[in-house]
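Student: Please take one part of this structure and go through it closely. I would like a single connected account.

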Amino acid sequence: MPPKKAVVQEKVLLGRPGNNLKSGIVGLANVGKSTLFQAITKSNLGNPANFPYATIDPEEAKVIVPDERFDWLCQHYKPKSQVPANLTIYDIAGLTRGASTGAGLGNSFLSHIRAVDAIFQVVRCFDDAEIIHVEGDVDPVRDLVIISEELRIKDIEFVEKALESLQKQTRRGGQSLEMKKLREEEATVNKVLEYLRSGKDVRHGDWNPKEVEVINPLFLLTAKPVVFLVNLSEKDYVRQKNKYIPKVMEWIKTNSPGDAILPISASFEERMTQFETEAEAAEECKKLGTESGLPKAIIKMRQALNLASFFTTGADEVRQWTIRKNTKAPAAAGVIHTDFEKTFIQVIVYNYNTLKELGDEAAVKAGGKVMTKGKDYVVEDGDILLIKAGAARDIPPSNRSKVKSSVQRALRQKLIESHPLCEPYIDEILPKKAQLDAVKLPEKITLYTIDSTPLFYQPQDGPPIPHLKLLHAFPNMLPSIQIDRGAIRFVLSGATLMAPGLTSPGGRLPDADSALEKGTVVAVKAEGKEEVCMVGTLKAGTEEIKSKGKGVVIDDGHYLGDGLWKMHLD
Ligand SMILES: Nc1ncnc2c1ncn2[C@@H]1O[C@H](COP(=O)(O)OP(=O)(O)OP(=O)(O)O)[C@@H](O)[C@H]1O
Ligand SMILES: [Mg+2]
């Protein structure tokens, strides 16, 4: 009998596949989270480059991921622009015992954790009688148990609800395909619940790809990767010794096997940010025989998130891009430009290590090390890519036409009628003498531009809707609503905007006397951000949204980063 063919099952990762993942700093109150966060933002890691939509509020920072390969490539190419990879970090308020049942900041705090992709857990291992410990004394293992239990209890509660609602559906019985799928889902959710009840965190389970598909949409707290940061006094950090560490290590090894642990000192890192120059800080480190632990923390987090990098290089730009491990070439291309994923043809690739070893691109070519690969190629960490993609979305000149002045006048009238708030700005938005162009887009949508600046787009029988670039220039031309922080990433990935994102504490809807009706075109702002992130038509009136608290609010929005936003018009 021939041997059975080995079935290679692709490993599916827990969590979102995205490249713009976020980590939150979590821990009990007063353990040093904010001190660490501040140190990270002030250190030279923090310096946020020119990222679009990087309005950074006090609790959020984008930090640069240190990578010597990137530095080498910049040295080598001396490009006009250098764009490193980044990681977004949130400072989350302190957790207290009983948060899962509403103590302290309770549930709102836990919902902030739900919105991140990974957790930096700060554990207090420094003694300081002046700094109150919420539990009375310093006992890191007890703290670890509290946090781990709080998160697990919350997950159990959440999974129980999910199970209940599945059971309601499967109770109907039947043999349809849909019912079969529901029953499978129910079995997985049941398994997850048993696993949690046995005292384990979901990230440590061995789940098959089908199960992962069911687990991911639950956004469980214990499914997120964790990097433990053991916060030491400066003295202990410098000598890399501390009386609590052995017990902490042991606890983590037993209860959270495989998770990364890193000793750090928030107070030392903070002190390092207070030197006027980097040279002075480096001098101090040298004197103490130590170095900052922050770069290691960022790198450990990237590893925990299973992230890898590829590069694009050239005289214009050297850029480091983030993907999750095992990403295939078309999906990697999609990180550069969404359309590339669909129009991907092939990729020309060699690895950074080869380039460094052989010295330059010419030598890599001469050595026959440049490969041409197709859509099944799995991008490796450190690959340097040149993507070849079709230009499906580029707009052929035949799709553009000049708009007659009579039509232009009618449009102007239509804009004012549909959006009364834009009247004061109408001459700036659409100067009387400007030549308006119409660009035909798929699905019978027309985009209006002046030169290559987009102004608004219009579905065949709908009102003209401002392009986000126009809204950024005239934010008050439309009424606005606000989504909470947690909803941002859903909106920016093209998901339907649902009511809870607006009715939660971070959301905002107009008062009853300025209620907006169904069908109104609104600008969607986001909690803590300056710029409008989406525009679209309300599928329900704002009073209805408030009273129902659920349901679709906008399902055809134009959002930051979508095809319309990225479209090349010149
Ligand atoms: N490694 C350390 N050694 C000594 N003191 C420290 C250390 N880390 C932090 N601290 C001090 O502990 C106190 C609490 O720190 P911090 O405000 O950062 O805590 P937190 O975890 O953000 O608290 P909260 O949950 O209330 O937001 C501060 O006075 C800070 O200077
Ligand atoms: Mg704090």
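Tutor: The model is predicted, and the part I will take is the packing of helix H4 against helix H5. Two packed helices are described by the angle between their axes and the distance between the axes. Here, H4 covers residues 140-170 and H5 covers residues 177-197; the angle is about 155 degrees and the axes lie 9 Å apart. Because angles over 145 degrees count as roughly antiparallel, H4 is roughly antiparallel to H5. The crossing of H4 past H5 is left-handed.

Next come the residues that make the contact. On the side of H4 they include Arg152, Asp155, Ile156, Val159 and Glu160, and further along Ala162, Leu163, Leu166, Gln167, Gln169 and Thr170. H5 contributes Met179, Leu182, Arg183, Glu185, Glu186 and Val189, together with Asn190, Val192, Leu193, Leu196 and Arg197. Sorted by class, the contact of H4 with H5 holds 11 nonpolar, seven charged and four polar residues. Among the nonpolar ones are Ile156 and Val159 of H4 and Leu182 and Val189 of H5. Arg152 and Asp155 of H4 are among the charged ones, as are Arg183 and Glu185 of H5. The polar ones include Gln167 and Thr170 of H4 and Asn190 of H5.

To sum up, H4 and H5 pack with their axes 9 Å apart, in a left-handed crossing, through a contact that has 11 nonpolar residues as well as polar and charged ones.

Key. Residues are numbered from 1 along each chain as its sequence is written. Chains are lettered from A and ligands numbered from 1 in the order in which they are written. This is a predicted model: local features need pLDDT of at least 70, side-chain atom pairs count only at pLDDT 80 or more; totals for chains, interfaces and linings use all residues. Side-chain values use heavy atoms; hydrogens and water are left out. Axes are lines fitted to C-alpha atoms, for helices over the stretch in contact, and angles run from 0 to 180 degrees between N-to-C directions. Helices (H or I, at least four residues) and strands (E, at least two) are DSSP runs, numbered from the N terminus. Angles under 35 degrees count as roughly parallel, over 145 as roughly antiparallel, 65 to 115 as roughly perpendicular and the rest as oblique. A crossing is left-handed if the near helix is turned anticlockwise from the far one by less than a right angle, and right-handed if clockwise. Contact means heavy atoms within 4.5 Å.
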